[in-house]
Amino acid sequence: MSIHAKSTIKDNRLLPLLPIIPVGLTKNTTLHGACMVIFKILEENRHLPFFIDRQAYNLLESVMSDDESSQLALSQTIIEGLGYRLAYVCLSQSEAAVSETRLALLPADAADDDEPQYIACSFVEGMALGLQIGVPFYVTIGDALQFVAGESEDGRVAVPIRNMPEDVLQEAINQAVAADNFELASALRDELRRRTATANEGD
């Protein structure tokens, strides 16, 4: 895995970034609450699926089809009005599979390789704004290693359990039990327990 020169600061640590590109949206026909936007690591045949809700799916679908969004246009106008421009968008995902974005902002007259200022933003808003403006997307190497998904020969992307939000995990557990797939149900429950233990450690 090659390391891109860009980096981001999170929890006072400098983290290297990998370039990624959006490849599409999908709705899971089995898990009713599961919609995803899928990214591909540039120059690699590995993918990063991010779960989103239906409202986010509809917004991203409209942006990807070049429909205008006054909400996003307003955000861009505010950024420009403050004398900044959006350089790129960094995607990340927490241990609890909560996705977020950080907008890398540069002064309007700054060079592209200057150190940006980062602003946290909801995942869908940050991604939609990045798509509309046409800036690059990046992910930290840690997230890429932890949440990367493989692709099968028929083009399907296998989603790691760690990518699944808790409501989707619970629905998957219910379906696995109903189908007598107790091995899968056990693995899904173990992931829920891991997240609960991690959350308790942070308290």
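Select R85 and D112 to begin: their side chains meet in a salt bridge, with N to O at 3.0 Å, a salt bridge being a side-chain nitrogen of Lys or Arg within 4 Å of a carboxyl oxygen of Asp or Glu. The pair links distant parts of the chain, 27 residues apart, with R85 in strand β5 (residues 84–93) and D112 in the loop between β6 (99–107) and β7 (117–122); helices (H or I, at least four residues) and strands (E, at least two) are DSSP runs, numbered from the N terminus. R85 is partly exposed at 24% relative accessibility, whereas D112 is exposed at 55%, where buried means under 20% relative accessible area, exposed over 50%, and partly exposed in between (1.4 Å probe, protein chains only).

The model is a predicted one, in which local features need pLDDT of at least 70 and side-chain atom pairs count only at pLDDT 80 or more, while totals for chains, interfaces and linings use all residues. Residues are numbered from 1 along each chain as its sequence is written, and side-chain values use heavy atoms, with hydrogens and water left out.

The structure holds three salt bridges, so move next to helix α6 (residues 182–202), where D190 and R193, being three residues apart, are separated by about one helical turn. Their side chains meet in a salt bridge at 3.2 Å, N to O; D190 is partly exposed at 43% relative accessibility, and R193 is exposed at 52%. In α6, also select R194 and E191, which are likewise three residues apart and whose closest N and O atoms are 2.6 Å apart in a salt bridge. E191 is buried, with a relative accessible area of 7%.

Now turn to the interior and select I20, V37, F39, L48, I52 and L91, the residues with the most contacts inside the largest nonpolar core, which has 32 residues. Helix α3 (residues 123–133) gives the largest share of this core, five residues. A second, separate core of eleven residues includes A34, M36, A172 and L192; a nonpolar core is a set of buried Ala, Val, Leu, Ile, Met, Phe, Trp, Tyr and Cys residues joined through side-chain atoms within 4.5 Å.

Stay with α3 and pick E125, which is partly exposed, with a relative accessible area of 35%. The C-alpha atoms of E125 and S75 are separated by 9.3 Å, although the two residues are 50 residues apart along the chain.

Finish at helix α1 (residues 54–64), whose buried residues are A56, Y57, L60, S62 and V63. Just after α1, D66 takes a positive phi of about 65°.
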